[in-house]
Amino acid sequence: MFYREAGQFKTSYSADQALLPIKQDRIGLALILITAFVFIPLFGGNFFLGTIMIPFLVFSLSAVGLNILTGFAGQLSLGTGAFMGVGAYGCYKLTTLFPDVNIIILIFASGFFSAAIGVLFGLPSLRIKGLYLAITTLAAQFFLEWCFNRVGWLYNYNDSGAIEVPTRLLFGMAVTGPEALPAVRYLVILTIVAIMTLIAANVLRGRVGRSWMMIRDMDIAAELMGIRPMFAKLSAFAFSSYYCGVAGALMIFCWLGSAEVEVFDINRSFLILFMVIIGGMGSLSGCFMGAAFIQILPIVIRWVPSALGLDVLAATVEHISSIVIGCLIIFFLIVEPHGLARLWQIGKEKLRNWPYPYAN
Amino acid sequence: MEFLNSIFVAPFIDMGAAPDFLLQVIWEGFVSGVLYALIALGFVLIYKASGVFNFAQGIMVVFSALALVSIHKAGAPAWLAVILTLAIMALLAVAIERVVLRKLVNQHDAILLMATIGLTLVIKGVGEIVFGGEPQSMITEELGIPTGSTDWEVFDGIVIFQHIDIAAAAIALIMVAGLGVFFSVTRIGRALRAVADDHQAALSVGISLNQIWAIVWFASGVVALVTGIMWGARSDVSFALEIIALKALAVLILGGFTSIPGAIVGGLIVGIGEKMFEVYWGPLFGGGVEAWFAYVLALIFLLFRPQGLFGERIIERV
């Protein structure tokens, strides 16, 4: 009843091709954006912003990156963490080489490094696919991790081997480094994530994005219809790695402040893969739902026993959430392979007909 | 010139100068290769029978070893602990077949892989809660595995053989031979091979797929237990082993996904290759090259011979 497109006539081609053709969707998105840009920074405390919202946005962005590759182009990748690391270390090197350039430009530039590395490790995808490809991305993961550890040039030969983020200003306010306020960092990340998601949404429904989906659905048929598999696959790798790289740079510069290699290890890659699976493969909104879900789950699991008056160790919470996530992955793969995004879709369909269950 | 020399000449001069050390390195590599091969064997068994790429094999190794140690600690004698652990692995196999595999029949490879990643998380979480996260030492003596070492004097030097390594190699050999016999002689083994060849044809002659899958998961559970015992005896049993087990994936690329001899040869190539590379070429790169050698070798292999050394030529051309 509330969610109906009845009466919304499209009178021009541009209206027909709009990203959100239904008015209620536009209102909903506007509300979400207003909440995110105005109310959360105003009323969310430093703790809420710093430990929940910022990680959520960073993971959402990297989940978008992985989803482009795995969900839309059908190339399974287990090397997301390493590609994020390339972005982070690239950005770190850029800040030391060009200390006067604006940090935002450097963050966007660092994505190109991971895009290049992504293409390099995506080259085997021209000959192999599926599980075999997953193993080559595993090679990328371990090789790059080793590079971050051993190649001193990457961390400026400092003793700890970790990278420390310098303080950088934007409009006179610190956005990176220890003095940066959580609200400022949050707004910077939010703006970048919003813009990049918008770009991704448009690329995905454009010619390039549709060619990825064709390759995913059936590569031979796609080739017969004039899609160049080489270009489609490598562009998917480049695009996806770019997103992961920017997410990695943001993760270090606007969230953690300093990083050791362990931040980008294989568990990170898996975590982001879980977000994509649970959120929904081949759905942009799913990336955000999956990231939110995995981010919030441990908090809920920690909260439930204390609300019931039980005392549970932090390690146990971690293990229980790992069990729950594992079960949910299996559950979603069996019952709803398109994840939370699909559940949301079904919910919207129900809302459309409400209160008449059999309308239409 | 100097760089080329340090890659192509100097390591071989080093090898020639200290042949006893070379032998020792090869032996060490051989032993870790055997363990990689055992893990890979568990993968191959399941992949052959059900087309599932079982990512959980590594965690099954850790889980079974921890179960064994914990049951023994709870007071059971070693033989009883082994039997109880086997019972647990059998239950696990049936549960996995019932809850996961049966529901995902005919799904895409990647979906099945991701399901086993989910399974890994579940087994890991349960294992950490039940057995605790601390590394445990394996009950080597109680199981009657020899410890100690033998020195072999050769080339004016000595090569040390740990008895436990010899035992590991021997047990691996026996197990592969046993599996070979099992596959070729027994009724269940032949049914397994039929399922591996063609699911539908196997169904049509009355082989129960569900039963076969449960059996094959149990078989790889047994392989996992043996691997866990041998590995645990060399170092401690801990969840860190799970990452090392990922190397078996590289072994599979080398050997082919469907070949048992391939898993063995691939495991040995990776084991010996990475030890020699680490010792003789590692210093050039600053050490620690063991972490990625296997994967990069697999990557290079994939470009030239994607079906592996012994695998069936089933690779889909892209």
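The following exercises, each with a worked solution, concern a predicted model with chains A and B.

**Exercise 1.** Determine whether the radius of gyration of chain A agrees with that of a compact globule.

*Solution.* Step 1: chain A has 360 residues, and for this number a compact globule would have a radius of gyration near 21 Å. Step 2: the value for chain A is 21 Å, so the two agree. Step 3: the extent of the chain may be added, since the C-alpha trace of chain A spans about 70 × 60 × 45 Å along its principal axes. Step 4: of the 360 residues, 44% count as buried. The secondary structure of chain A consists of 14 helices and four strands.

**Exercise 2.** Describe the secondary structure of chain B and assess how compact the chain is for its length.

*Solution.* Step 1: chain B contains 14 helices and two strands. Step 2: the globule rule gives 20 Å for 318 residues, and the radius of gyration of chain B is 21 Å. Step 3: these values are close, so chain B is as compact as a globular protein of that length. Step 4: the C-alpha trace of chain B spans about 65 × 55 × 35 Å along its principal axes, and 45% of the 318 residues count as buried. Step 5: among contacts in chain B between residues at least 6 apart in sequence, 74% join residues at least 24 apart.

**Exercise 3.** Classify the arrangement of helices H3(B) and H12(B) from the angle between their axes, and list the residues that make the contact.

*Solution.* Step 1: two packed helices are described by the angle and the distance between their axes. Step 2: the axes of H3(B), residues 19–50, and H12(B) come within 9 Å and cross at roughly 75°. Step 3: angles of 65 to 115 degrees count as roughly perpendicular; H3(B) and H12(B) are therefore roughly perpendicular to each other. Step 4: H3(B) contributes Tyr36(B), Ala37(B), Ile39(B), Ala40(B) and Phe43(B), while H12(B) contributes Lys247(B), Ala248(B), Val251(B), Leu252(B) and Gly255(B). Step 5: by class, these residues comprise eight nonpolar, one polar and one charged.

**Exercise 4.** State how many residues each chain gives to the contact between chains A and B, and identify the element with the largest share on the side of chain B.

*Solution.* Step 1: chain B gives 40 residues and chain A gives 38 residues. Step 2: on the side of chain B, the elements giving two or more residues are helices H6 (109–131), H12 (247–255) and H14 (290–304). Step 3: H6(B) supplies the largest share, 16 residues. Step 4: this side of chain B has 30 nonpolar, five polar and five charged residues.

Conventions. Residues numbered from 1 in each chain as written. Chains lettered and ligands numbered in written order. Predicted model: local features only at pLDDT ≥ 70, side-chain atom pairs only at ≥ 80, totals over all residues. Contact = placed C-beta atoms within 7 Å. Nonpolar A, V, L, I, M, F, W, Y, C, P; charged D, E, K, R; others polar. Rg over C-alpha atoms; globule rule 2.2 N^0.38 Å. Buried ≥ 20, exposed ≤ 12 C-beta atoms within 10 Å, placed from the backbone. Axes fitted to C-alpha atoms, helices over the stretch in contact; angles between N-to-C directions. Parallel < 35°, antiparallel > 145°, perpendicular 65-115°, else oblique.
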